[in-house]
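Student: I have a new model open and would like to learn how to read it. Could we go through some features together?

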Amino acid sequence: QAGADPTTAATPGPIYQLSLGDSLAAGVGASTPANDYVNLVAAHEQASMPGLQVENLSCGGATTSTMLNGGGACTYTSGTQLGDAIAFLHAHPGQVQYITIDIGANDVDDCLTGGTISLPCIETGLATISSNLPTIVAALQEAGNGVPIFGMDYYDPFLQQWITGT
């Protein structure tokens, strides 16, 4: 990526991990808040980045569309998760060491109803992700001026359907 190397840039004040996404980033399903993946990544990185703090803007139920356009279960000062992330990056130049993001599962999760997968729904959801995700990443890259972005891949929410033969 072009831009400043965030690990060598002047970092007045605290340093941060900026985390974005949906329920997985918000910690839903973790045995304890300390065991959600956002906090586990931060705990691991604190060994080489003492004092690292987590700024977690994630929201359960978020989709790529709500991240860009607002709506959903969470309220943001700017109106969107992405807008608040960009504002945080602008307010903390050189302090954000990396960004974690997981988003997109909720764009297709509702495509399974009554044990039946709707292929048109999946196609629409994947098209939405394909359209929105590059916009999200480009905005973060621009606002972050070279801050590394780490995306999480997902489990297959429809795997059980394959196992049952449907």
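**Reading a strand residue and a helix**

Tutor: Happily! This is a predicted model. Let's start with Ile117, which is partly exposed, with a relative accessible area of 28%; that value lies between the 20% cut-off for buried and the 50% cut-off for exposed.

Student: Where is the place of Ile117, and which residues is Ile117 in contact with, leaving aside its neighbours within four places in sequence?

Tutor: Ile117 sits in strand E5. Beyond those sequence neighbours, Ile117 touches Cys111, Leu112, Ile122, Phe158 and Gln161. Among these partners, Ile122 is a buried residue of H5.

Student: What span should helix H5 have, and how far apart are its end C-alpha atoms?

Tutor: H5 covers residues 119–144, 26 in number, and at 1.5 Å a residue it should span 38 Å; the end C-alpha atoms are 36 Å apart, which agrees. There is a bend of about 25 degrees at Asn132, with Pro134 following within four residues. Just after the helix, Asn145 has a positive phi of about 50 degrees.

Student: How do I describe two packed helices?

Tutor: Give the angle between their axes and the distance between the axes. Here, the axes of H4 and H5 come within 9 Å and cross at roughly 15 degrees. Therefore H4 is roughly parallel to H5. Their crossing is right-handed.

Student: Which residues meet between H4 and H5?

Tutor: From H4, Leu82, Ala85, Ile86, Leu89 and His90 meet Ile136, Ala139, Leu140, Ala143 and Gly144 of H5. The buried residues of H5 also include Ile129 and Asn132.

Definitions and conventions. Residues are numbered from 1 along each chain as its sequence is written. This is a predicted model: local features need pLDDT of at least 70, side-chain atom pairs count only at pLDDT 80 or more; totals for chains, interfaces and linings use all residues. Side-chain values use heavy atoms; hydrogens and water are left out. Helices (H or I, at least four residues) and strands (E, at least two) are DSSP runs, numbered from the N terminus. The expected span of a helix is 1.5 Å times one less than its number of residues. The bend at a residue is the angle between axes fitted to the seven residues ending there and the seven starting there. Buried means under 20% relative accessible area, exposed over 50%, partly exposed in between (1.4 Å probe, protein chains only). Axes are lines fitted to C-alpha atoms, for helices over the stretch in contact, and angles run from 0 to 180 degrees between N-to-C directions. Angles under 35 degrees count as roughly parallel, over 145 as roughly antiparallel, 65 to 115 as roughly perpendicular and the rest as oblique. A crossing is left-handed if the near helix is turned anticlockwise from the far one by less than a right angle, and right-handed if clockwise. Contact means heavy atoms within 4.5 Å.
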